[in-house]
Each structure stands twice: as structure tokens, then as C-alpha cells.
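Hi everyone, thanks for coming along. I'd like to walk you through one chain this morning, so please have a look at the screen.

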Amino acid sequence: MPTYIYRIQPVRPAMLSEGATAEEERIASEHFEYLKRLLAEGSLVLAGRSLNSDYSAFGIAIFEARDDAHMREITAGDPGVAEKLFRAEWFPYRIALHAPENSEKD
């Protein structure tokens, strides 16, 4: 199955530096629940965000999708994108090296 890297950025970067509105918090929560569902279904490989809070802040996710059409469906289904909290772009991606055991443990 093809792999894709997905990059999102907040449409209103101040939500990170000045705080999110109640509506932004609701949408972000729905976005997170959507990603958790995709993780459980096996489409999402990993997801996270940069820790900076300025205009350059971004999140990434790596997905396995059937094809570009499926990746478009995943993007369109993301509440954060659909409700314009985030702008998104994705690209076909090849993981060259991967060692899950090297990831930070919580």
C-alpha cells in the first residue's frame, strides 16, 4: 500500500501563541479523534506536531492509503481541514529507514 506524508498548518497561527478559541478547541479535538480512529483502522502510521508556537508551526502524519483518491478522502474527512482550522498538503512518501524502538517512550 502506498505511503503518504501529510503536513498541516494552522490557518490562524495565533491560536498556538495566544490561545485557541472554544470553536478551535472543539475542531482540534475532533481532528485528534479522527486521527485516533485512523490509527486504530491501520491507515495512520504516526502523527505529531512541532513544538514551536509561531507561524512556522506544523503537524505531520504518515499514512498508508490505497491510492491518491483514498488520500484525498482522508484529507477531506479530517475535521480540522474540512472546517478550515488547518490547511493541508500531502505527498507520496517512501520511508527509507525506520526503527520504532528508537522512538521516545512515554
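How many bridges pair β2 and β3, and in which sense, parallel or antiparallel? Before I answer, keep in mind that this is a predicted model. The two strands are joined by five bridges, and the pairing is antiparallel. If you want a place to find that pairing on the screen, look for A47, which stands opposite A61 in β3.

Now move to the other pairing of β3. Its partner here is β1, again with an antiparallel arrangement, and six bridges hold the two together. For a landmark, take Y4, whose bridge partner in β3 is F63.

F63 brings us nicely to the core. The largest nonpolar core counts 17 residues, and F63 is among those with the most contacts inside it, along with Y6, L38, L44, M71 and I74. Which elements give two or more residues to this core? They are β1, α2, β3 and α3, the last of these spanning 68-77. The top contributor is α2, with four residues. As a general remark, nonpolar side chains in soluble globular proteins tend to be buried together.

Let's zoom in on I74 for a moment. Setting aside neighbours within four places in sequence, I74 touches Y34, L38, F63 and A65. Two of those names, L38 and F63, you have just heard in the list of well-connected core residues.

Next, the pocket. The largest one has a volume of about 550 Å³. Its lining is made of 24 residues, and nearest the centre you will find H31, F32, L35, G48 and R49. The elements supplying two or more lining residues are β1, α1, α2 (22-41), β2 (44-49) and β3 (59-64). And what is the character of that lining? It splits into 18 nonpolar residues, four polar and two charged.

I'll finish with V11, in the loop that links β1 (3-10) to α1 (14-17). Is V11 buried, exposed or something in between? Its relative accessible area is 46%, and because that value falls between the 20% and 50% cut-offs, V11 counts as partly exposed. Beyond its neighbours within four places in sequence, V11 makes contact with K84, L85, F86 and R87. For a sense of distance, the C-alpha atoms of V11 and S43 are 25 Å apart, with their positions 32 residues apart along the chain.

That's my tour, and I'm happy to go back to any view you like.

Conventions: Residues are numbered from 1 along each chain as its sequence is written. This is a predicted model: local features need pLDDT of at least 70, side-chain atom pairs count only at pLDDT 80 or more; totals for chains, interfaces and linings use all residues. Side-chain values use heavy atoms; hydrogens and water are left out. Buried means under 20% relative accessible area, exposed over 50%, partly exposed in between (1.4 Å probe, protein chains only). Contact means heavy atoms within 4.5 Å. On a 1 Å grid over the protein atoms alone, a cavity is a set of points where a 1.4 Å probe fits but cannot get out, and a pocket is an open set with protein on both sides within 12 Å along at least five of seven lines; lining residues have an atom within 4 Å of a point. Grid points are joined across faces, edges and corners, and a volume is the space filled by probe spheres set on the points. Ala, Val, Leu, Ile, Met, Phe, Trp, Tyr, Cys and Pro count as nonpolar, Asp, Glu, Lys and Arg as charged, and the others, Gly among them, as polar. A nonpolar core is a set of buried Ala, Val, Leu, Ile, Met, Phe, Trp, Tyr and Cys residues joined through side-chain atoms within 4.5 Å. Two strands pair if DSSP finds at least two bridges between them.
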